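Hi,

Here is the structure I said I would pass on. Have a look at it first, and my notes follow underneath.

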Amino acid sequence: MKQYNNKEAKKIITDTDDSLLLRKLEEYLEYYPNDIITTRYYLNKLLRTNNFEKYKSYVNERLERRIVNMDLRNYLIIKKFSILLNLGEYQEAYNLYKEENYVLSKSISKINVIECYLLKKCNIPFNGEERYIYNQIFDYNEEIALNYVINRHQKNNDKTSIFNDNCNVNDLFYFVKDNINDENARFTDFIFKKYIFRYEGIGVNQEGKKANFIKVICLRDNNEIITMYPICESEVCDMEVVVDLTPIVENTYTNKLVKRSESQVEKFIKKFGYR
């Protein structure tokens with residue numbers, strides 16, 4: 001049996017009505033269940049329309065059937081693992097990790113960190129090596145996080161991007177934390193979320209190029225900063241939500257971070273309470 005029909009699939013995805021598009025995709029995948037490209041499109045569409053339970057249900061149903069295409073099977077296992085984490089079903093995610101360890105370990109970077117996270121969520125003791133990220137997952141300490149950022153991204157280090165010498169990283173750390181908003185988060189690496197802030201001239205990247213952005217990494221279920229560091233514009237994805245935090249400073253640099261002045265729109269909202 002043919003595994004896909006490119007002409008038919010391309011015709012379907014031109015539909016702009018989400019509900020109609022999803023129904024047509026489901027009908028198509030009944031005929032061509034091993035079409036991995038259309039399966040990816042369908043699952044991504046379910047995510048973008050917040051159909052998480054339908055996403056999980058579809059993946060489970062497909063995995064219960066006989067799948068000829070092993071690439072598709074492995075892809076669905078990874079997607080199941082991802083949606084279980086998204087839904088906070090940590091015990092089931094941990095069970096899947098144990099059952100499909102080979103597939104997940106081969107396909108997902110930092111899988112040991114994800115395992116540590118699942119152990120924490122399932123109240124299972126962690127007996128692994130002492131590492132910064134493992135310790136922060138099990139018992140977060142803000143002072144340790146701040147020192148980690150300073151030691152890794154401000155002191156002379158030719159292996160990572162660094163903040164400028166005249167940057168007060170201590171103040172910057174809390175300045176960034178105060179401006180974190182879940183609406184601007186982008187999830188990555190299964191258990192982390194990242195934020196991108198614009199901050200003019202904040203540092204240089206590993207190659208010594210001027211960096212005008214800060215990448216901030218937090219665990220997905222809170223806004224505690226795991227790390228943050230300068231990046232260049234070329235490292236910012238077109239789909240990233242970028243928040244401009246470039247401060248207004250005095251003519252003579254005081255090493256004091258000052259938030260930008262309010263815009264006319266912000267003053268209007270503050271005065272009249274509109275949102």
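Before the pocket, a word on labels: helices (H or I, at least four residues) and strands (E, at least two) are DSSP runs, numbered from the N terminus. Also keep in mind that this is a predicted model.

On to the largest pocket, then. Its volume comes out at about 930 Å³, and 24 residues line it. If you want a spot to centre a box on, L47, N86, R186, F187 and T188 are the lining residues that lie nearest the pocket centre. Four elements each supply at least two residues of the lining: α3 (36-48), α4 (52-64), α5 (70-86) and β2 (186-188). Which of them gives the most? That is α5, with 5 residues. By type, the lining splits into 11 nonpolar, 6 polar and 7 charged residues.

Two of those pocket helices, α4 and α5, also pack against each other, at an angle of about 145° and with 10 Å between their axes. Their crossing is left-handed. On the α4 side the contact is made by F52, Y55, K56, V59, N60, R62 and L63; α5 brings L72, R73, L76, I77, K79, K80, I83 and L84. Sorted by type, that contact holds 9 nonpolar residues, 1 polar and 5 charged.

Next, α8, which covers residues 111-121. Its buried residues are I111, V113, I114, C116, Y117, L118 and L119. What do they pack against? The partners are the helices α5, α6 (90-99), α7 (101-107) and α9 (132-138), together with the strands β3 (192-204) and β4 (210-219). So α5 turns up again here, as a partner of the buried residues of α8. Just after α8, N123 has a positive phi of about 55°.

Last, a cysteine in a loop. C232 sits between β5 (225-231) and β6 (242-244). Is C232 buried or exposed? It is buried, because its relative accessible area is 7%, and the cut-off for buried is under 20%. Leaving out residues up to four places away in sequence, C232 touches N205, K209, K210, A211 and F213. The C-alpha atoms of C232 and V204 are 7.7 Å apart, with the two positions 28 residues apart along the chain.

That's what I have for now. Shout if anything is unclear.

Cheers

Conventions:
Residues numbered from 1 in each chain as written. Predicted model: local features only at pLDDT ≥ 70, side-chain atom pairs only at ≥ 80, totals over all residues. Heavy atoms only, no water. 1 Å grid on protein atoms, 1.4 Å probe; cavity = no way out; pocket = protein on both sides within 12 Å on 5 of 7 lines; lining within 4 Å. Points joined across faces, edges and corners; volume = space filled by probe spheres on them. Nonpolar A, V, L, I, M, F, W, Y, C, P; charged D, E, K, R; others polar. Axes fitted to C-alpha atoms, helices over the stretch in contact; angles between N-to-C directions. Left-handed = near helix turned anticlockwise from the far one by under 90°. Contact = heavy atoms within 4.5 Å. Buried < 20%, exposed > 50% of the residue type's maximum accessible area, 1.4 Å probe, protein only.
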